Every structure is written in C-alpha cells, then in structure tokens.
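Here's a quick briefing on one protein model. Have a look at the structure first, then read on.

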Amino acid sequence: MSQTEAELARLRTVADYQFGVGAGPALFPPDEALDVTHSTGGRPRQVRAEAGRVVSYGTDGRFTLGLEGGRRLTAALPAPAARVVVGAESEPFVRDGKNVFAKFVQDVDDDVRPSDEVAVVHEDGDVLAVGRAELAADAMRDFETGMAVKVRAGAGTE
C-alpha cells in the first residue's frame, strides 16, 4: 500500500466516524484519483477531486465539507443522514450562500448536533449548500427563530 493509499484509508476512517458508516468510501472512492494537499508539517489539508473540493481537514481532526463532498455524502447516505432539508421558500437564498434559519427547516438528521458539518438540501434532494450546524436537530425542528446552519458555500456561488 502506497503512502497516498494509506493516507486515504485513514481519511476514510475519519469520515466514517464523523458522518457515519459508508461516508469514507463515498467521499474518497478507492478507484478515483484525488489530489491531497498537505501542510508544511505533512498533515493533509485539503482533498480535491476533478469536480471540486471534497473536504478540508482541520487541525481539530474533523472535516469541513466542500460542495462536492456534500454531493457525495447525500448520494451515498440514506436520507436524512448528514443533511438539513429546506423548502422552496428559502432555496434561492441558501443556494446563494445565505444562512439557514430554523423556521425554514423541514427535516433534519436526528443525530445533528451544534458544530456538525451538514449538507443543506432542497426537499427534492438537490444539494444547495454546505455548512456548520448551529443548533441540535430537535432545536431546528422546534425553534421559530435563530440560525440553524451557518452556510460556508452555496451551490449558486461555485
């Protein structure tokens, strides 16, 4: 096993832990050539595919999703895993990179906690954005005010 293969195997393990079983192979398929950039200390920093940034690997040992990573996760994991669902009313705003507010959340993965990485999807399944959850899943469902997801990148901004 080459160093890159071993590194991707470790990254798959982290992804399975952070997002759930099946996330690792979905984000980093063994049969795809991925570009891994490293910090000066040799730690993986970003993983890119031909279609765009899949993830960034933070110093805290957690991934932050790129839009391509959000698409790969939602395609591989059963709904609503690792995602927050919004309707047509907020779709254009979220697509443009605006934050998601609790009153517009239609569905959410029960396991979402504050600071988790999530994909924001339209009710039809289309990935609109990726970002960081600001509220737990039950709070997103119950609250009428407040930010639910701090959007990092909207699909309309790529």
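Helix H1 gives the largest share of the lining of the largest pocket, with four residues. Keep in mind that this is a predicted model. Below is a run through that pocket, then a four-stranded sheet and helix H3, which lies across part of it.

**The largest pocket**
- The space inside comes to about 350 Å³.
- A set of 16 residues lines the pocket, and those nearest its centre are Tyr17, Gln18, Phe19, Arg113 and Asp116.
- Two elements, H1 (3–19) and strand E8 (117–122), each give two or more residues to the lining.
- Sorted by class, the lining has seven nonpolar, six charged and three polar residues.

**The four-stranded sheet**
- This sheet is open, runs in the order E1-E2-E3-E4 and pairs antiparallel.
- E1 (35–38) and E4 (63–65) sit at the edges with a single partner strand each, so one side of each has no neighbour in the sheet.
- From one strand to the next, the twist averages 20 degrees.
- Four bridges join E1 to E2 (residues 44–49) in the antiparallel sense.
- Thr37 has Gln46 in E2 as its bridge partner.

**Helix H3**
- H3 lies across E2, E3 (52–57) and E4, and runs at about 95 degrees to E3.
- How many of the ten residues of H3 (residues 67–76) are buried? Seven are, so the helix is largely enclosed by the rest of the structure.
- Those buried residues are Leu67, Glu68, Gly69, Gly70, Arg72, Leu73 and Thr74.

Definitions and conventions. Residues numbered from 1 in each chain as written. Predicted model: local features only at pLDDT ≥ 70, side-chain atom pairs only at ≥ 80, totals over all residues. Heavy atoms only, no water. Buried < 20%, exposed > 50% of the residue type's maximum accessible area, 1.4 Å probe, protein only. Pairing = 2+ DSSP bridges. Axes fitted to C-alpha atoms, helices over the stretch in contact; angles between N-to-C directions. Contact = heavy atoms within 4.5 Å. 1 Å grid on protein atoms, 1.4 Å probe; cavity = no way out; pocket = protein on both sides within 12 Å on 5 of 7 lines; lining within 4 Å. Points joined across faces, edges and corners; volume = space filled by probe spheres on them. Nonpolar A, V, L, I, M, F, W, Y, C, P; charged D, E, K, R; others polar.
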